[in-house]
Amino acid sequence: MSDIKEIGCDEALHRLFEYLDRELDAARHAEMEQHLHTCRACYSRAEFEKRLKGKLGALSVEQTPSEFAQRIRGLLRRF
Amino acid sequence: MTDADRAFFEQEITGLLDRLYGAALRLAKNRADAEDLVAETVTKAWANLHTLHDRLCFRGWLFRILTNTFLSECRKTETTSLEALAEAQGETDEEPAFSLFDQLHQPFLLWWSNPEQEFLNKVLREDLQKAVDALPEVFRLPVILSDLQGLSYHEIATALGVPIGTVRSRLTRGRAQLQKALWQYRQELTETRERAANDVHDLKTGEHHERH
């Protein structure tokens, strides 16, 4: 028998970002996973937020301008 | 520092440069300041490399230096603190959380289309950048640190010098504002397209009438 507590949609949505940010403890994380496996509406919402977060994450990588990369190489040579 | 230290440092910085520059560009919002921020971060990291005991943590450590360098520059130039800004921007006001998903998700359309997936497939990098850059500073920083740099709430709280609960609430409000901005850009684009389509239609109708 599973010890995982059942949670409702309100609770799942309330915890959604902490779940996506990997900030929930193991028990609460498992409750979220179980809810998302059984609720299509919350699963769709979670997938949307996850993909949007992934798109924002991609903003953290930017092609370094070549002159600036050269400046950094010069800096590294001086160390 | 040994030659091995130098080789390790050079290899790590070279490998992480695009990420470092990308994070700096989002924080500083302009190229010149971003470049200075990266150069200062690299210099500080080299000077403090001996304090890093576990080199597997190099990346997190380096991005913490980047964030702290940016924040200390902000504190030097800002006359008001982030906390005062938070008050001024009504951080304590309760407002219903805006959800882009709820705006896009229209169950009656789902049998033939999936508007939220379509939105994600089409959303432009420049619109995401614009929405992040437009956030009030007090929400922009936690959003960048969490969604772009992947820092934990605890790490963000330490970097910003605020309690974890504050990080949580600022992230919630920052993300809601960001989603609202993305929704507005989408609405503006739709309106522009509709206007253009109407203009074409009017033009064609006009030609049609002229011919008769």
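This report covers the contacts between and within the chains of a predicted model, and its nonpolar cores.

Residues are numbered from 1 along each chain as its sequence is written, and chains are lettered from A and ligands numbered from 1 in the order in which they are written. In this predicted model, local features need pLDDT of at least 70 and side-chain atom pairs count only at pLDDT 80 or more, while totals for chains, interfaces and linings use all residues.

Chain A contributes 24 residues and chain B 33 residues to their contact (C-beta atoms, placed from the backbone, within 7 Å). On the chain A side, H3(A) gives the most, with eight residues. Helices are DSSP runs of H or I of at least four residues, numbered from the N terminus.

Chain B is assigned domain 1 (1-77) and domain 2 (82-212), with bounds from an automatic or database domain assignment. Nine residues of domain 1 touch seven residues of domain 2; on the domain 1 side, H3(B) has the largest share, five residues.

| Side | Nonpolar | Polar | Charged |
|---|---|---|---|
| Chain A, touching chain B | 12 residues | four residues | eight residues |
| Domain 1 of chain B, touching domain 2 of chain B | four residues | two residues | three residues |

Ala, Val, Leu, Ile, Met, Phe, Trp, Tyr, Cys and Pro count as nonpolar, Asp, Glu, Lys and Arg as charged, and the others, Gly among them, as polar.

The largest nonpolar core has 42 residues; Leu66(B) and Ile156(B) are among those touching the most other members. A core joins buried Ala, Val, Leu, Ile, Met, Phe, Trp, Tyr and Cys residues through C-beta atoms within 7 Å, buried meaning 20 or more other C-beta atoms within 10 Å of the residue's own, with C-beta atoms placed from the backbone. H1(B) supplies its largest share, eight residues.

Key
Two residues are in contact if their C-beta atoms, placed from the backbone, lie within 7 Å. Helices (H or I, at least four residues) and strands (E, at least two) are DSSP runs, numbered from the N terminus. A residue is buried if 20 or more other C-beta atoms lie within 10 Å of its own, exposed if 12 or fewer, and partly exposed in between; C-beta atoms are placed from the backbone.
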